[in-house]
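User: I would like a close look at one part of this model, namely the sheets and the helices that pack against them. Please take it slowly and keep the description connected.

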Amino acid sequence: MKQRIPIVLAVVAVVAAGLLLWRPWADEAPEGTAFRVGEEVVTVDDLDARNDSLRALYGIQEPLDAKELDGFRRQAAKSMAISIVLDRAVDEEGVEVSDAEVEEAVTAFIKARFAGDRDAFLDSLGNVNTSEEAVRAEVRRQLELRELLAEVAGDVAVGDADVRAAFAERKASLGTPERRVVSNVVVDTLAEAQRVRDQLDRGVGIAALARKVSIDAATRDKGGRLGAVARADLLPEVAEVVFRTGAGKVYGPVQGSQGWNVGIVTRIEPATTATFAAVRTRLRSTLESEAVQSRWSDWLAGRLHDADVRYERDYRPSDPYDVSAWEQSGIEGAEGGGTQ
């Protein structure tokens, strides 16, 4: 069967280590350069524009801490460099996506993230300093990458025996971990967070507060609703607070990557043990995805082997040989949040 992979930028995460090389400039880079791929120069402004588009699509926020921000920008440069290599492959393979497909994907995104409110979507773009044109371009390239991946991977089929063997090996990890259904507000300062906490303690509704004061663009218009999250979905320090809070109780303030978090745990979903009948379909899909990823990895490794990627000093990633260090979720099912 043809394995359909969600639109994700994380396809670059399966590349074997050691293929993205850095070396000092052979000649002086133009002022404002972040990195080069061959003869193509990517400026700091180019990188910032791409980050703005990703923030609009996925709610990805630059960290507040200076050291974390430095690492974020270096990894963003690496992600963009890999994307350029992939875009060249799309052109070489003649992959095309129609305007109608792009419109369909954008409409689905607006429906999922903004309840179909296109005006709210456009307003959000202004909040993160990007444009509808830039977002559509990013959606188009992701659709192209999905088609490229499908061509590279071909047909993948996993037999029943392989599924049963995988279940025996992975049973302990296939159960559902405890989850908490959470609504969350993110603000800039501890003082603001304490005021939000005081209002929640007095019974003020969190949805109204989130829409009024939260700085988390991904959840603000949803009344702060994060949905059901596992411990692994949250930053460790945030998870520690959330997962010691009982159902119907308020948590925070606790500092996260975007700011200070305060919220309510509305329900606790207990952990469950996996059974073969319950996970068979999902496990088969996982195994098919892993096979696709393996084929893609081998192909992309060849593309990256000859890529001439050179970073300026301030944008050289700390792990240029580890492409798996930078992952981003795609627009299908994107549910970014301030505590992640």
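In which sense, and over how many bridges, do strand β3 and strand β6 pair?

Analyst: In this predicted model, strand β3, which covers residues 179-187, and strand β6, which covers residues 260-269, pair in the antiparallel sense over nine bridges. Within this pairing, V185 has V262 of β6 as its bridge partner.

The two strands belong to an open sheet of four strands, whose order is β4-β3-β6-β5 and whose pairing is antiparallel. The edges of that sheet are taken by β4 (225-230) and β5 (249-255), and because each of these has a single partner strand, one side of each is left without a neighbour in the sheet. From one strand to the next, the twist of this sheet averages 35°. Helix α8, formed by residues 206-213, packs on the sheet and touches β3 and β6, with a direction that makes about 40° with that of β3.

There is also an open sheet of three strands, arranged in the order β2-β1-β7 and again paired in the antiparallel sense. Here the edge strands are β2 (40-43) and β7 (309-311), each of which pairs on one side only, and the twist averages 20° from one strand to the next. Strand β1 (residues 33-37) is joined to β7 by three bridges, the two running antiparallel, and F35 stands opposite Y311 in β7.

Two helices can be described against this three-stranded sheet. Helix α1 (residues 44-58) lies across β1 and β2 and runs at about 65° to β2, whereas helix α2 (residues 66-93) lies across β1, β2 and β7 and runs at about 35° to β1.

Helix α2 leads on to a helix pair. Two packed helices are described by the angle between their axes and the distance between the axes. For α2 and helix α5 (residues 132-153), the packing angle is about 65° and the axes are 10 Å apart; since angles of 65 to 115 degrees count as roughly perpendicular, α2 and α5 are therefore roughly perpendicular to each other. Their crossing is left-handed. On the α2 side the contact is made by S83, L86, D87, A89, V90 and E93, and on the α5 side by R141, E144, L145, L148 and E151. By residue class, the contact of α2 with α5 is made up of five nonpolar, one polar and five charged residues.

Key: Residues are numbered from 1 along each chain as its sequence is written. This is a predicted model: local features need pLDDT of at least 70, side-chain atom pairs count only at pLDDT 80 or more; totals for chains, interfaces and linings use all residues. Side-chain values use heavy atoms; hydrogens and water are left out. Two strands pair if DSSP finds at least two bridges between them. Axes are lines fitted to C-alpha atoms, for helices over the stretch in contact, and angles run from 0 to 180 degrees between N-to-C directions. Contact means heavy atoms within 4.5 Å. Angles under 35 degrees count as roughly parallel, over 145 as roughly antiparallel, 65 to 115 as roughly perpendicular and the rest as oblique. A crossing is left-handed if the near helix is turned anticlockwise from the far one by less than a right angle, and right-handed if clockwise. Ala, Val, Leu, Ile, Met, Phe, Trp, Tyr, Cys and Pro count as nonpolar, Asp, Glu, Lys and Arg as charged, and the others, Gly among them, as polar.
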